[in-house]
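Colleague: Hi! I'm new to this one, could you walk me through it?
Modeller: Happy to. Let me put it up first.

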Amino acid sequence: MTASVTSVVAKFYEEYSKTTPSKLKLIDAYLFYILLTGIVQFLYCCLVGTFPFNSFLSGFISCVGSFVLAACLRLQVNPENKGQFEKISLERAFADFIFAHMVLHLTVMNFIG
Amino acid sequence: MRFTAFTFNILLLCASSLGITSFLNSNDQSRFKDILLSGLNSDDAGSLDYAIRGLTFLEFDIPNKDSLCQKLKTKLESQTTETLFHVGKASASLSCALQLSNTQKEKLETTITATNGVSEIFLATGALSSFGITLDAPKVLKALNTALKKDDSISSLGQAFQVASLLDGDVSSVFGRIEDVVVQADQIDGKMLQFEGGLSVTALVISGAYKLANTVGQAPFISKEQANKFAEYFVSRKSVQTVKGVYYLLEATSVLADNAFHIPVAITLASKAAVSKSEPKFQVKVTNILGKGLGSLTIIADSATRTLDDAVVLSQKQLTPKDGLFELDLMSSNPGKGVYRVALSASSSEDTRLVGNVGAIVEVKVLTKIAIEETEIGTADSDQSTAAKLRKIIYPKKLDGSLEADSHQKLILKFLLRDTLTKELVTVHQAFVRLTHRESQQEIFFVAEPDVNDAYKFDLDLATKAKDFLYLSGHYSMDLIIGDAVIENPTVWQIAELQLSFITPSAGQPKSSKAAEMYQMKPEIKHMFREPEKRPPGIVSNAFTLLAIFPFVIFIVLVSRLGVNFSSLSFSLSALGFHLSIGGIFVLFVSFWLYLNMFQTLKLLVVIAIPAFVSGNYMLTQIAAKRRGATKQN
């Protein structure tokens, strides 16, 4: 049972390394980093309680927001989805990504207290 | 005698309402005198005038007449009609013999025109007449009537009456307006009449109306009831504190005490309000509104009605005059105890002006002595297994020895209350039994209830009431308290000494009385400031901070493993500008967190964002162009 799981995972990893363009891999690495940071924050909150709640929220939402924006960027940049995002060039997607991040971080900085 | 009876019957037929309930007595008048004397020190012509004329009404000898006349003389050249009015009236009252100069006289006479209004006419005519100058009656009357057409408010009409009372000739046009004014009066509580504007307006109108009626020689269109109600209003205002108010009150009441038509009568109780066998008589005083006598009067008590059951105990009994008062022996009619409303009527053989003299009510209490009889006290078993052992006691003696009782027993007290006048058994408002613990002085009260035959019985079951005693056993003294509104001899009778023993229940100790505990010092409340929330220990939070930053390291490692294409990093102006701007925004956000506020941040953000946008746009287009070029090549 576990053998099949590990073989599936290994196969998936192989396919992934081969087929995904490096741009997407970069974004995936970024996503992974954000995910880890979010998990660490959540663990901390579970451990010591929610004081101060606003700080926890802003930090966690920053992680979530960044994750979402990066995921959107990945979608828009993925050559396989080119059909759906014809009007939006890669650079445009990136610019949107940067702009949205500005807004997100302004809000987060305001809320962090 | 027959004539008296005849007049009395006529008066009864007129059935005028109750008279005034009080009058301005000597206390009130001395208070007025003090207020008016303080007004004499004023420099204002109005206050001086009111004070002087008020003191004249009180028939008080005004001190320092010469200095007052001097003060008034200095105001003779005043430009206002009102000052001249007050100076004139005051000097006439003091007999200062001041004279108006011709210029002033002419000025006043020219003021009497319809266009100046009723008030100016009133002041000018009053001033002229008080300096002894005769008035041109037809001219004044014409001006007055024309002015009234424009302004016939209540105070203007009052002033018009005062003016018309000074004129000779036919003033019936003004006299007829009295009726118009009186219907505008407001009734209060069904007992008083006043005009809107209060004391000064009402006094102005009423004194004006009666003065005018005196001049014309005809009774004014004010009914006897209305005259009484106005008088009642004036009496209710006797607590007035201002000089002007006191003057107006005295003017109005002087008119009501002595005019040719209506004299309101005050029939008031002049002795204690309680009569008993030892003091069977009560006295009433019959006066006018200023407290002066009214000549020879016959006072008859029409009826005396008990408030409790409307029983009438006497009718048509004449009161005997004594020392200026009238007294009646109420006890001779054998009234029972209670509160009685005695209706009195005063009639005069000569004076037909009296109003409010029929049916005045005076409340008198008839007291009686109570005798406590057939008192028995004893104990019985709660479960009624044995009969009660009762011992007789006679008031006011105390029971010999002490009575013992414990939780199995009941304490029984029986007694009868008898009215010594009617020899009947009665119930009273208060029949209490008080038990006082000797050492702690703890008291407890119980109520003794009468049964259907008015025999009082007090039954105390010690077991059920033990809680009320707080289970405090020991030596008690027992008192019987009898009280009522209409008995002469309320009593506290120390009946017996008791020895009570209670069984405390298993649950509690016999606490020292709850009262003692209630009044002990309570624990001090210390204010607790809001405690800061518990923080995790520094080590934990620091560790997690590092842990949160650690993924960035992992990211860098991953990126480097993926292989970043550093070669295509161009150092063009736009790229540099873009990266610097983004870095600048990052720094801005950190400083926003640390010390800026939102407004400053937004301002700076706008400043930095513009180059960021411009450079970013330029840079990205360049990259896009390069990419398309590359793909085209492919």
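Modeller: Keep in mind that this is a predicted model. A good place to start is chain B, where five strands form an open sheet in the order 5-13-11-7-8, with mixed pairing.

Colleague: Which are the edge strands there?
Modeller: Strand 5 (274-275) and strand 8 (312-318) of chain B, as each of them pairs on one side only.

Colleague: And how do strand 11 and strand 13 of chain B run?
Modeller: They run antiparallel, with seven bridges joining strand 11 (residues 338-348) to strand 13 (residues 360-366) of chain B. If you want a spot to click on, Leu344(B) stands opposite Ala360(B) in strand 13 of chain B.

Colleague: What holds strands together in general?
Modeller: Strands of a sheet pair through backbone hydrogen bonds, in either a parallel or an antiparallel way.

Colleague: What does strand 10 of chain B pair with?
Modeller: Strand 6 (residues 281-287) of chain B pairs with strand 10 (residues 325-329) in the antiparallel sense, over four bridges. Lys281(B) stands opposite Asp329(B) there. Strand 9 (residues 320-322) of chain B is also an antiparallel partner of strand 10, over three bridges. In that pairing, Pro321(B) has Phe326(B) as its bridge partner.

Colleague: How many residues lie between strand 9 and strand 10 of chain B?
Modeller: Two, and the strands form a hairpin. Asp323(B), in the turn, has a positive phi of about 55°.

Colleague: Where else in chain B should I look at the backbone?
Modeller: Try Glu59(B), which has a positive phi of about 60° although it is not a glycine. Glu59(B) sits in the loop between helix 3 (45-57) and helix 4 (65-74) of chain B. Then there is a cis peptide bond between Tyr395(B) and Pro396(B), with omega about 0°. Pro396(B) belongs to the loop between strand 15 (389-393) and strand 16 (402-406) of chain B.

Colleague: Why point those out?
Modeller: Because most residues other than glycine have a negative phi, and most peptide bonds are trans.

Colleague: Switching to chain A, where does UniProt put the "transmembrane region" feature?
Modeller: The UniProt entry, which is unreviewed, places it at residues 30-50, 56-73 and 93-112 of chain A. In the model, residues 56-73 of chain A are 100% helix, with the end C-alpha atoms 26 Å apart. Residues 93-112 of chain A are 100% helix too, and there the end C-alpha atoms are 28 Å apart.

Colleague: How many residues of each chain are in the contact?
Modeller: 28 residues from chain A and 31 residues from chain B. Together the two chains bury about 2,700 Å², 84% of it on carbon and sulfur atoms. Phe51(A), Glu91(A) and Leu106(A) supply 23% of the area that chain A buries against chain B, more than any other three residues.

Colleague: Which elements of chain A give two or more residues to that side?
Modeller: Helix 2 (22-48) and helix 4 (90-112) of chain A. Helix 2 of chain A gives the largest share, 14 residues. By type, the side of chain A that touches chain B has 21 nonpolar, four polar and three charged residues.

Colleague: How many salt bridges are there between chain A and chain B?
Modeller: Zero. The structure holds 24 salt bridges over all chains, though. One to look up is Lys18(A) with Glu14(A), at 3.4 Å from N to O. These two residues are about one helical turn apart because they are four residues apart in helix 1 (residues 2-19) of chain A.

Key
Residues are numbered from 1 along each chain as its sequence is written. Chains are lettered from A and ligands numbered from 1 in the order in which they are written. This is a predicted model: local features need pLDDT of at least 70, side-chain atom pairs count only at pLDDT 80 or more; totals for chains, interfaces and linings use all residues. Side-chain values use heavy atoms; hydrogens and water are left out. Contact means heavy atoms within 4.5 Å. Buried area is the accessible area (1.4 Å probe) that two parts lose on being put together, summed over both. A salt bridge is a side-chain nitrogen of Lys or Arg within 4 Å of a carboxyl oxygen of Asp or Glu. Ala, Val, Leu, Ile, Met, Phe, Trp, Tyr, Cys and Pro count as nonpolar, Asp, Glu, Lys and Arg as charged, and the others, Gly among them, as polar. Two strands pair if DSSP finds at least two bridges between them. UniProt positions are given in the numbering used here, feature names are shortened, and annotations may be inferred rather than shown by experiment.
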